[in-house]
Amino acid sequence: MLHRARGQLFRQRIMTACAIRSHLAEFGIIVAKGIHYVERLLEAAGQAPAAARPAPELLADQLRDLHARLETVTGRIEAAQRSDPLARRLATIPGLSRVAPSAFAVTTPDTAAFRSGRDFSALLGLTPRPHSSGVKERLGKISKAGNRYLRRLLYLGAMAQIAARRRGKPGSDWLWGRLQRKPAKVVAVALANRMARVVWALVRNGKS
């Protein structure tokens, strides 16, 4: 329930930020997109004409409140995560966010139901959708089936891993090689797929 509440607050924060940005754009006040520019967005709300200022300022107060509530619920999830042995083991996977280990710990079904990590990845919608005939196998985009929240956590973690790897030196590792050949978002999906399989393996074998 904490994870669901956090997801709802997160969506509301995005909607509120977009509303403020669109209101300010009516007066030629442009602020970059992204949650990292929230403070700049809140400052810009005070630049609107006096008659129009109450609306964006009201939404700005709501945005601050949502941000505070998000931090509160995230802190509770992290506290619960520290007391859960499975969540602590999943937290050793590179790329998982502050709340992802807890989310997987409380939602992952019995691993015996899956023959392999690929089956678990398919449950999360991270495997290609087949469009095959009896002669030739064709794989399309990922299916996006299953738990959207878990899939999003893996994707965001993968994008963070990619950003960190790009700041590093060139190498011969799998991630660097993929980034040289494929767009970052395509690589992020592939990396999220690998991370899902690692989650399945750790849940199954009890290791870190």
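This report walks through the fold, cores, two chosen residues and pockets of a predicted model.

## Overall layout

Let's start with the broad picture. The protein chain has 9 helices and 2 strands. Going along the sequence, the elements come in the order α-α-α-α-α-α-β-β-α-α-α, so you meet six helices, then the strand pair, then three more helices.

The C-alpha trace covers about 65 × 45 × 40 Å along its principal axes. Out of 208 residues, 37% count as buried. Looking at contacts with a separation of 6 or more, 53% of them link residues 24 or more positions apart.

## The nonpolar cores

The largest nonpolar core holds 32 residues, and the members touching the most others are L90, L96, F104, F120, L124, L154 and I162. Two or more residues come from each of α4 (85–90), α5 (100–107), α7 (148–166), α8 (174–181) and α9 (184–205). The top contributor is α9, which puts in 10 residues.

There's also another core, lying apart from that one. This other core has 13 residues, including L24, I29, A48 and L63.

## F120 and V199

F120 is a handy place to look at how the largest core is put together. Setting aside residues up to four places away in sequence, F120 touches F104, T108, F114, A196, V199 and W200.

Now turn to V199, which sits in helix α9. Is V199 buried or exposed? Its relative accessibility is 0%, so V199 counts as buried. Beyond its neighbours within four places in sequence, V199 is in contact with L90, I93, F104 and F120. F104 therefore turns up in the contact lists of both F120 and V199. As for V199 and F120 themselves, they are 79 residues apart in sequence, and their C-alpha atoms are 9.0 Å apart in space.

## S121, a buried serine

Right after F120 comes S121, part of helix α6 (residues 117–123). S121 counts as buried because its relative accessibility is 0%.

What does the side chain of S121 make a polar contact with? The partner is the side chain of N193, at 2.9 Å. Leaving out residues up to four places away in sequence, S121 touches L126, T127, N193, A196 and R197. A196 is also on the list of residues that F120 touches.

## The largest pocket

The largest pocket has a volume of about 1100 Å³. Its lining takes in 40 residues, with R148, Y149, R151, R152 and L153 lying nearest the centre. Two or more lining residues come from each of α1 (2–25), α3 (54–82), α5, β2 (139–142), α7 and α9.

By residue type, the lining of the largest pocket splits into 19 nonpolar, 9 polar and 12 charged.

## The second largest pocket

The second largest pocket has about 810 Å³ of space. Here 26 residues form the lining, and those nearest the centre are F10, R13, I35, R152 and L156. R152 is also one of the residues nearest the centre of the largest pocket.

Which elements supply at least two residues of this lining? They are α1, α3 and α7. Among the elements, α1 gives the most, with 7 residues. The lining of the second largest pocket divides into 12 nonpolar, 7 polar and 7 charged residues.

Technical notes: Residues are numbered from 1 along each chain as its sequence is written. This is a predicted model: local features need pLDDT of at least 70, side-chain atom pairs count only at pLDDT 80 or more; totals for chains, interfaces and linings use all residues. Side-chain values use heavy atoms; hydrogens and water are left out. Helices (H or I, at least four residues) and strands (E, at least two) are DSSP runs, numbered from the N terminus. Buried means under 20% relative accessible area, exposed over 50%, partly exposed in between (1.4 Å probe, protein chains only). A polar contact is a pair of N or O atoms within 3.5 Å; within protein, one must be able to donate a hydrogen and the other to accept it, and residues adjacent in sequence count only if both atoms are side-chain atoms. Contact means heavy atoms within 4.5 Å. A nonpolar core is a set of buried Ala, Val, Leu, Ile, Met, Phe, Trp, Tyr and Cys residues joined through side-chain atoms within 4.5 Å. On a 1 Å grid over the protein atoms alone, a cavity is a set of points where a 1.4 Å probe fits but cannot get out, and a pocket is an open set with protein on both sides within 12 Å along at least five of seven lines; lining residues have an atom within 4 Å of a point. Grid points are joined across faces, edges and corners, and a volume is the space filled by probe spheres set on the points. Ala, Val, Leu, Ile, Met, Phe, Trp, Tyr, Cys and Pro count as nonpolar, Asp, Glu, Lys and Arg as charged, and the others, Gly among them, as polar.
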